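Open the model in your viewer and keep the sequence panel beside it. We will go from stop to stop, selecting a few residues each time and looking at what is there.

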Amino acid sequence: ALISALAALGEVLADFARTLVEQPTVKHLRRLRPALVQVYQNYVAALKPLGHASGALAVDELRPVKLPKLARASFHAMMGLSCVALYQFALNYNQAIIVLAGFMAMATTLEVTRRFSSRWNDFLVDKVFRGVSRPDERYRINSSTWYLVALTAITVAAPQPVVCVSILVFALGDPIASLVGSRFGKRRLANDKSLVGALAFFFVSVAATAGYLFLAAPELSVMLRLGLILTVSLVGTLTELFSNRMDDNFTIPVFCAAFGSLWF
């Protein structure tokens, strides 16, 4: 498997180099990018068992490729806004838990079954979730599953306003940080994240949570709302910045809810 993955990587790199010489345009290079990302992920997946067995290769330091996708960013935002709207206007606590339990059962079933069938896994990644999946999710738990785990946990444990602002921070702050950082980020901070991406995350989070709390939670005191806005926005920004080994689809909502709940 390692040899075939390495051979495929070499072929795509050769195509990339040939394109640089013959057709060095952004259009042609972008056309090769998905194939290059995919064969790289296949190579890393084939290399990891050997590295773990020998202990000589630091394969865990090989970072997954995270190319910004407008479709993925839009999906994040729409799902988050939908969750907030449902919990705010349509579902009570018990109903929300039932709905989340149903989605968790479905996600768990998909995660388990795709481990036993490579064809099923390829179909889910390449066909069903093609527009919103990342290449490394072929070999690990999908980020959406981690997101569902986080939503379930914070809904069970945190007050409703905290749940909603934690979702908004992740749903809007995270994709904006990725899009802005990849386009304009020059100065890099922790984990190759950019300063401008972190600032975009923070200010978008402040705007989103302020809009929600001042419109949908007028019963809360002004000091409590301001404290909650700044807390979850700052915690979300720092969590996104320093999340490396754990999926930030899980860590951002959970840490925001944990620290936001301290105000109640």
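A polar contact is a pair of N or O atoms within 3.5 Å; within protein, one must be able to donate a hydrogen and the other to accept it, and residues adjacent in sequence count only if both atoms are side-chain atoms. Keep that in mind for the helix cap below.

This is a predicted model, in which local features need pLDDT of at least 70 and side-chain atom pairs count only at pLDDT 80 or more, while totals for chains, interfaces and linings use all residues. Residues are numbered from 1 along each chain as its sequence is written, and side-chain values use heavy atoms, with hydrogens and water left out.

**The whole chain**

Start with a cartoon view. The chain has 10 helices and zero strands; helices (H or I, at least four residues) and strands (E, at least two) are DSSP runs, numbered from the N terminus. Now colour by accessibility: 38% of the 264 residues count as buried. Buried means under 20% relative accessible area, exposed means over 50%, and partly exposed is in between (1.4 Å probe, protein chains only).

**Helix α4**

Select residues 93–116, which make up helix α4. Its expected span is 1.5 Å times one less than its number of residues. For these 24 residues that gives 34 Å, and the end C-alpha atoms are 35 Å apart, which agrees.

Next, pick Asn92. Which end of α4 does Asn92 cap? Asn92 caps the N-terminal end, with a side-chain oxygen 3.2 Å from the backbone nitrogen of Asn94.

Now show the side chains along α4. Among the buried residues are Ala96, Leu100, Met104 and Ala107. Glu111 and Arg114 are buried too, and they are our next stop.

**A salt-bridge network**

Side chains of opposite charge can pair when their charged atoms come close. Here a salt bridge is a side-chain nitrogen of Lys or Arg within 4 Å of a carboxyl oxygen of Asp or Glu. The structure holds two salt bridges.

Select Glu111, Arg114 and Arg115, which are linked in a network of salt bridges. Measure from Glu111 to Arg114 and you should find the closest N and O atoms 3.1 Å apart. For Glu111 and Arg115, the closest N and O atoms are 3.3 Å apart. Along helix α4, Glu111 and Arg114 are three residues apart, about one turn of the helix; Glu111 and Arg115 are four residues apart, also about one turn.

Is Glu111 buried or exposed? Glu111 counts as buried, at 10% relative accessibility. Arg115, with a relative accessible area of 40%, is partly exposed.

**Aromatic pairs**

A pair of aromatic rings is described by the distance of the centres and the angle of the planes. Rings of Phe, Tyr and Trp (its six-membered ring) pair if their centres lie within 6.5 Å; planes under 30 degrees apart count as stacked, over 60 as edge-to-face and the rest as tilted. The structure holds four aromatic pairs, and we will visit two.

Select Trp120 and Phe123. Their ring centres are 5.9 Å apart and their planes are at 20°, so the pair is stacked. Both residues lie in helix α5 (residues 118–128), three residues apart. Trp120 is partly exposed at 32% relative accessibility, and Phe123 is partly exposed at 40%.

Move on to Tyr147 and Phe170. Their ring centres are 4.9 Å apart and their planes are at 55°, so this pair is tilted. The pair links distant parts of the chain: Tyr147 is in helix α6 (residues 143–157) and Phe170 in helix α7 (residues 160–184), 23 residues apart. Tyr147 counts as buried at 8% relative accessibility, and Phe170 is buried with a relative accessible area of 0%.

**A nonpolar surface patch**

Switch on the surface and select Trp120, Phe123, Val128 and Phe129. They form a nonpolar patch with about 350 Å² of accessible area together. Patches are made of residues with over 30% relative accessible area and no salt bridge: like charges are joined within 9 Å, nonpolar side chains (Val, Leu, Ile, Met, Phe, Trp, Tyr) within 5 Å. The areas come from the Shrake-Rupley method with a 1.4 Å probe, and for residues only the protein chains shown count as cover.

**Two last stops**

Pick Asp247 in the loop between α9 (222–242) and α10 (248–260). Asp247 is buried, with a relative accessible area of 13%. Asp247 and Asn142 are 105 residues apart in sequence and 9.3 Å apart in space, C-alpha to C-alpha.

Finish at Phe259 in helix α10. Phe259 is partly exposed, with a relative accessible area of 39%. From Phe259 to Val235, the C-alpha to C-alpha distance is 7.6 Å, and the two are 24 residues apart in sequence.
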